[in-house]
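Colleague: Can you walk me through this model? I'd like the overall picture and then some of the details.

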Amino acid sequence: MRSPFRYAAFCLAGAGVLAAQLWSLKPIKRQEPPSVPGVSSPIDRFLRARLMREGLSPSPEASRTVRLRRLSFDLTGLPPTPAEVAAFLADEGPGAWERQVDRLLRSPHYGEKWGRYWLDLARYADSDGYRADRFRPHAWRYRQWVIDAMNRDLPFDQFTIDQLAGDLLPNPTADQRIATGFHRNTLTNREGGIDPEQFRIEQVIDRTNTTGTVWLGLTVGCAQCHDHKYDPISQRDYYRLFAFFNDADEDQMDAPMPGEMGPHLQARPAFDAKRQDLLVKSDVPRLQADWETQILEAATNPGKRLDWDHAFDDLRTDCEDGERILRTPAERRTRRQEKILTDYFVSNYSRVISQERKQQLKYDVLAKQLRELDATLPAISEAPILRALERNSRILLRGDYKQPGDAVQPGTLATLHPMNAAGARPNRLDLARWILSADNPLTSRVTVNRIWQEYFGQGFVRTSENFGRQGEQPTHPELLDWLATEFVNNGWSLKHLHKLIVMSAAYQQASMSRPELTARDPENKLLARQARIRLSAESIRDSALTASGLLAREVGGPSVRPLQPSAAGAKKWEESTGRERYRRGLYIQLSRTAPYPFFTNFDGPNGYGALCRRGRSNTPLQALNLLNDPVFVEAANALGVRVSSAPGGLAEQLDLAFLACLGRRPGDDERQWLTAYWKSQPEATAWAQTASVLMNLDEFITRE
Amino acid sequence: MINRRQFLRTASGFGSFALADLLAADTNPLAPKKPHFPATAKSVIFLFMPGGPSQIDLFDPKPELRKWHGKPLPASATKDLKLAFIQPNANAVASPRQFARHGQSGAEVSDLLPHIAKQADDLCFVRALHTDAFNHDPGELMLMTGAMQFGRPSMGAWATYGLGSEAKDLPGFVVLSSGTGPSAGANNWSNGFLPSTHQGTPFRGSGESILYLSNPDGVTRQMQRERLDVIRRLNEKHLRETGDAEIEARIASYELAFRMQMAAPDLLDLSREPKHLLDSYGVNHEPTHQYGLHCLLARRMVERGVRFVLLSHGSWDDHNDLDKSLDKNCRITDQPAAALIADLKQRGLLDSTLVIFGGEFGRTPMTQQQRPDINYGRDHHPNCYSMWLAGGGIRAGVTVGKTDEFGLAGIEDRIHVNDLQATILHTLGFDHTRLTFPFSGRNFRLTDVAGEVASKLLRRPPV
C-alpha cells in the first residue's frame with residue numbers, strides 16, 4: 001500500500017554523466033569584462049554588454065535621497081537620519097558617493113546587518129526547539145562573534161575555518177572556539193522517552209546538510225536515504241561527509257567576558273570550601289557514588305528495575321549533558337561537569353528513595369543552600385562549542401539510524417576535487433580547507449551569488465540554496481565567475497565585494513519599471529533597473545524606532561525581550577526594561593516554537609534550518625500589525641512629539657517627518673494631502689496619527 | 001505574480017487604479033481557486049487531540065486484554081515493538097470502560113463519550129490508522145505536515161494554497177487552541193515554505209482573538225478609515241510612479257485588514273445564537289465552556305467561508321492516571337464535538353464540511369506502571385490507533401479497519417497518516433500527488449513521497 005521508497009526505483013545515470021552536465025561543478029573561468037565605451041566598472045561592463053545585445057538600456061541613476069536610503073539599508077539595515085541625508089545632499093564634490101559607502105562600511109551597524117544575514121544561514125536561535133524549547137542563555141556568544149567578525153572584515157576563508165573547525169586549529173583562541181557555535185545552532189530534542197542516539201544522529205544530519213547548503217549550495221540531504229536523484233552525490237558520499245560531523249560532540253566552554261574572571265577567581269577558594277563542607281555534612285559523596293552505580297546498572301540492563309529505569313530516563317532528558325557526565329569516570333570529569341551532576345543528584349535523589357529517608361536527608365534544604373551559595377560566586381559566561389572525538393560512522397540504510405550499513409571514513413564528494421588531509425584520518429579542518437580550495441568551483445560562486453541577492457532581490461542563480469540540476473541556471477555566468485574570482489583574489493574580503501557592487505551604476509540606478517522592460521524582462525533578470533525590495537522584519541522595526549528617535553544603538557550583548565502579546569504557545573517572556581526594549585531586532589530573543597509575533601508576521605527566520613532567502617509576503621495581518629501594534633503606536637507617538645517640537649511651521653515639520661521616515665522631502669501633492677489630513681484630526685493626536693500614516697506606507701517598508 | 005503584473009501593465013499602463021479594483025480578487029493570493037476535480041468538502045474542521053487519546057478506552061474495545069490483565073502479553077505478539085518509554089514485556093492492562101453499540105450502525109464507543117456515541121450514524125470510525133513516529137513532536141508533524149522534519153507546510157496551509165478561501169473578510173486558515181496546546185506548537189499550522197499568506201492565523205483564547213485587531217486606544221473606526229484613506233492615496237501615487245504591483249497588493253491587504261476589523265467582532269458575537277444552541281455546545285457551562293465556544297466559532301467560520309479550522313485541545317498524553325485524566329478530557333470535548341456535528345447537519349453544512357477527530361498516535365495496551373490497578377497509564381502507540389471522520393463526502397455510520405485482539409497492530413484496512421492526508425485532499429478535490437510546491441530543488445507535497453487515497457472512507461470512491 002504505502003511505498004515510501006518508491007523513488008529509490010529511480011535509477012541514477014552514472015554520476016560522471018551528471019557532473020558533466022552541471023554548470024556549477026565546472027571550473028570557474030575568469031573572463032575579462034567586455035569593453036563598453038564610457039563604462040569603467042567591470043560589473044557594469046558585463047551587465048551593459050548583455051543589455052546592449054538585448055537592445056535594452058539601463059535605468060538612470062536614482063535620486064540622491066533614494067540612493068542614500070538604499071545604501072543605508074543595504075549596508076547597515078537602518079535608514080539614514082535627516083542629518084545624514086542633509087550631509088550627503090550638501091556634499092557636491094567628486095567622490096561623494098564613495099565617501100558615503102566608506103562611512104557606512106565602517107559603521108558598527110554594518111556588522112549587525114551582515115551578521116544577521118549570516119545568522120539566517122546559521123539557523124541561529126536562542127532556544128532548543130521541540131517541546132521543551134529550553135532557552136539557550138549562551139547562544140548569543142556565537143551571534144556576537146559573527147557581528148564582530150563582520151565588522152573587522154574577517155576574511156571569508158578564515159571565517160569559514162573558524163566556524164567549521166576553529167577548535168582543531170593549533171592553539172585556537174577563545175574566539176575561534178566560540179565560532180564553532182555555528183554548528184551548535186542545531187535543534188535539541190529533550191522530549192522524554194526519545195532515543196538519544198536517534199536525535200544525536202538527527203543533529204549530525206542537520207550539520208551535514210547545513211554545511212552542504214551554506215558552503216556548497218547543494219542539497220546533499222537528498223542523498224541521506226538513497227543516491228541523489230538529480231545531482232552527482234551518492235549515499236556513500238553523503239555518509240562520508242556525515243562522518244566529519246559524527247566525529248564531534250557538543251561541549252560548553254568558560255568564555256568569560258572582560259572583567260568577569262578576576263572577581264570569580266578571587267571568590268572561588270572560599271566558595272569551594274563552603275560547598276565541600278555542605279556536601280560532606282549531608283553525606284553526598286557516598287550516596288551519590290552509590291546512586292551513580294545504580295543508574296549505570298539500569299542504563300546497561302534496562303527493564304529490571306523500573307524506578308531506576310525512570311531515574312536514568314530523567315537524567316538523560318532533564319540534566320544538560322547528564323548521560324555523558326555519568327559515563328565519564330569521576331576522576332576525569334571537569335569541574336563544571338562535576339558540579340552539574342552533583343547539583344542534579346541533590347535535587348533528584350528523592351525520586352528513588354522512600355518518604356522517610358527523604359525527610360531524614362532533607363536534600364531539599366541542601367539544594368536551597370547550594371543555590372544560595374552559588375549566588376555568592378561571581379559568574380563567568382559560557383559559550384556553546386564543538387569538540388572533536390572519533391566515532392565509527394556507517395552508512396544508514398534508508399537514512400534509518402537503526403539500520404547501519406557499510407563503515408565509512410570521513411571524506412568529501414567524489415565528484416569534486418580531491419581532499420588533501422593533513423593526517424591519516426581527515427577531520428573538520430581538512431574539510432574546511434577542502435571547501436576553500438582553489439579547485440572548488442562552488443563556494444565562492446555560492447557566496448557571491450547570495451551577496452548579490454541581497455542587493456538586487458535575487459541572485460544570478462535565483463535558487464541561491466541550490467546550485468544543482470534542480471536549481472536554476474545563472475543569468476550572467478561570466479559576471480558571476482568574475483565576481484567569484486575577484487572575491488577570492490582580494491583575500492576573500494566581504495567589504496571589498498560589497499564596495500565593488502555598490503559602486504556600480506547598476507546598483508545605483510532607479511528601480512522604477514518601464515513599459516518596455518515589463519514586456520521584455522518582467523522578472524528583471526537583465527537588471528535594466530534596480531529592484532524594490534520589501535524590508536526584512538528586523539529592518540521594519542528598526543526603521544520605526546530610528547525614525548521616532550527611540551532606537552538604542554548599542555551594538556552586541558545578550559538577547560532582549562521587548563513587549564509582545566501573549567500569543568498561542570508563547571513561553572515565559574520576562575520583559576526587558578528601559579532602553580533594552582528599543583534594541584535592534586536582531587537582538588530580540590528568538591524562541592523557536594514561539595518567535596516574536598511581529599517577526600513571524602514579516603517572514604522572519606524561525607531557526608529551523610539554513611535560510612537562504614527570506615520570504616517577502618504581503619498580508620492583512622501585517623497591516624494590522626503596523627497600524628495597531630503598541631510598538632508602532634509608541635514609535636508614531638514619539639515621532640509625533642519629536643516633529644511637533646521641532647522649529648518651523650507645519651510645512652517644515654511635515655518635511656522633517658517625511659525625512660525621518662522616508663529619507664526624502666514630500667512632493668507638493670503629498671504635503672498637501674498630509675496637511676489636510678493633519679488638520680482634520682483632533683489636535684491632541686494629529687501628529688501621532690500623521691506619523692503613523694507615514695510608517696504604514698508601502699514606501700516605508702520598502703527599499704526602493 | 002508575473003502574470004498578474006504583466007496583465008496589469010499591458011492592459012492598462014501601470015497604475016490605472018480603477019482597473020486595480022476590478023483586479024482585487026486577482027491580487028488576493030487567497031482568492032478562491034478550482035481544485036483538480038469536483039470536491040465533496042469545501043471546508044475542514046480538524047478537532048486535533050494532541051498527546052494521543054487512548055483508542056483502547058474510547059473506540060476500539062479489546063476484551064481479550066482481560067485475560068492478560070497485569071501480565072506481559074505473549075512475546076510472539078510484542079517481539080517487534082519499539083516504544084517510547086516501556087519495554088515490550090510490560091504488563092497489559094484491560095480497559096475498565098464499558099463499550100456499547102450505538103445507532104443503527106452499531107458502532108462501538110465507550111461510556112466516556114456518550115454524546116459522540118449518539119452521533120454514531122453520522123460518523124466514520126477508522127480503527128487501523130498508523131504512523132511512523134512514537135514521540136509527540138515528530139508524530140504531530142507527521143500528522144499535520146506529512147513528514148517528521150520541521151519546516152514543512154501544514155495541512156491547512158496546503159488547503160488554502162490549493163483552494164484559496166471563500167472568506168472575503170477573514171483569514172482562510174484559522175487556529176483555535178485550548179489546554180496545554182500541541183507540543184510542536186506553531187509548526188502544526190505553519191506555512192513552511194509556502195507563501196506566508198497561507199500560515200494559520202491563531203485566534204487567541206482570551207483577549208483579542210486576532211493580534212492587533214482592535215484600534216489603538218483613542219482611535220475610532222472613523223479615524224482608522226481616514227488614516228487608511230490617506231495611506232491609500234499616498235500608496236496609489238507611489239504605485240503610479242513605480243509601476244510595482246506589490247503596492248497594489250499592499251493596498252488590498254490594508255483593505256482586508258480593515259474589513260477583518262469589522263467582520264471578526266461579528267464572528268465572535270454570539271448574542272444572536274439561541275440559548276438552547278449555546279447549551280448544546282456547553283457554552284457557559286463547565287467544563288465545556290471554552291471548547292464549546294471554539295466548536296461553535298468553528299461552525300461560524302465555516303459559514304463565513306473559512307477554509308480550514310484547526311481546533312486543538314489537549315494534551316491527552318496519559319502516561320499515568322489515565323482513568324482520571326482521560327475522563328476529564330472527554331468531559332471537556334465530548335459534548336461540544338457532538339454538538340458541532342449535530343449543528344452542522346441541522347444547517348445542511350455537514351455535507352460540505354469535513355470534520356476529523358483524533359491525535360498523532362494512540363496508546364499501548366500495556367501500562368507504564370508495574371501494577372495495573374494503581375494510577376495506571378499507557379505509552380505512545382504508533383502502530384494502530386483510531387480517529388473518526390464525518391461529513392464532506394465521508395461515509396457515515398461505518399467502522400473501517402480492524403486491529404488484532406490485543407490492539408497492538410492493524411490487521412485489516414490499515415491506513416497510514418499519509419493515506420489519511422491523501423484522502424482529506426481528495427475530498428477537497430485534489431490529487432495529492434499533483435498538489436505540489438517547488439522548494440529547495442524539488443517538488444514537495446503534503447504526503448511527502450507516500451500516501452494513497454483510502455477509498456473505503458469515501459461515499460463515492462474514485463473510479
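Modeller: Sure, we can go through the chains, their contacts and a few local spots.

Modeller: This is a predicted model, so to speak of local features we need pLDDT of at least 70, side-chain atom pairs count only at pLDDT 80 or more, and totals for chains, interfaces and linings use all residues. Residues are numbered from 1 along each chain as its sequence is written, while chains are lettered from A and ligands numbered from 1 in the order in which they are written.

Colleague: Okay, how many helices and strands are there in chain A?

Modeller: Chain A has 31 helices and six strands. Those are DSSP runs numbered from the N terminus, with helices being H or I of at least four residues and strands being E of at least two.

Colleague: And what is the radius of gyration of chain A?

Modeller: For chain A it is 29 Å, close to the 27 Å that the globule rule gives for 704 residues, so chain A is as compact as a globular protein of that length. The radius is taken over C-alpha atoms, and the rule is 2.2 Å times the number of residues to the power 0.38. Along the principal axes, the C-alpha atoms of chain A fill a box of roughly 85 × 70 × 55 Å.

Colleague: What about chain B, how many helices and strands?

Modeller: Chain B has 14 helices and 17 strands. Its radius of gyration is 24 Å, which agrees with the value near 23 Å for a compact globule of 463 residues. The box for the C-alpha atoms of chain B is roughly 80 × 50 × 40 Å along the principal axes.

Colleague: How much of each chain is buried?

Modeller: In chain A, 47% of the 704 residues count as buried, and in chain B, 60% of the 463. Buried takes 20 or more other C-beta atoms within 10 Å of the residue's own, exposed is 12 or fewer, and partly exposed is in between, with C-beta atoms placed from the backbone.

Colleague: Switching topic: how many residues of chain B are in contact with chain A?

Modeller: 65 residues of chain B are in contact with 68 residues of chain A. Contact means that the C-beta atoms, placed from the backbone, lie within 7 Å.

Colleague: Which element gives the largest share on the chain B side?

Modeller: That's α9(B), with 11 residues. The chain B side as a whole divides into 24 nonpolar, 26 polar and 15 charged residues. Here Ala, Val, Leu, Ile, Met, Phe, Trp, Tyr, Cys and Pro count as nonpolar, Asp, Glu, Lys and Arg as charged, and the others, Gly among them, as polar.

Colleague: Which residues have the most contacts inside the largest nonpolar core?

Modeller: Met695(A), Val309(B) and Leu389(B), in a core of 272 residues. A core is a set of buried Ala, Val, Leu, Ile, Met, Phe, Trp, Tyr and Cys residues joined through C-beta atoms within 7 Å. α10(B) gives the most to this core, with 12 residues. Not counting residues up to four places away in sequence, Met695(A) touches several residues, including Ala544(A), Ala547(A) and Phe632(A).

Colleague: Ala544(A) and Ala547(A), where do they sit?

Modeller: Both are among the buried residues of α25(A). That helix covers residues 537-548 and reaches 17 Å from its first C-alpha to its last, close to the 16 Å expected. The expected span is 1.5 Å times one less than the number of residues. 12 of its 12 residues are buried, and they pack against α3, α6, α26, α28, α29 and α31 of chain A. Gly549(A) follows α25(A), with a positive phi near 85°.

Colleague: Which residues that aren't glycine have a positive phi?

Modeller: Arg123(A), at about 40°, and Lys362(A), at about 55°, are two to look at. Arg123(A) lies in the loop between α6 and α7 of chain A and is buried, with 24 other C-beta atoms within 10 Å. Lys362(A) is in the loop between α17 and α18 of chain A and counts as exposed, with 12 C-beta neighbours inside 10 Å.

Colleague: Last one: which residues does the cis peptide bond join?

Modeller: Glu286(B) and Pro287(B), with omega about 5°. Pro287(B) is in the loop between α11 and α12 of chain B.

Key
Two residues are in contact if their C-beta atoms, placed from the backbone, lie within 7 Å.
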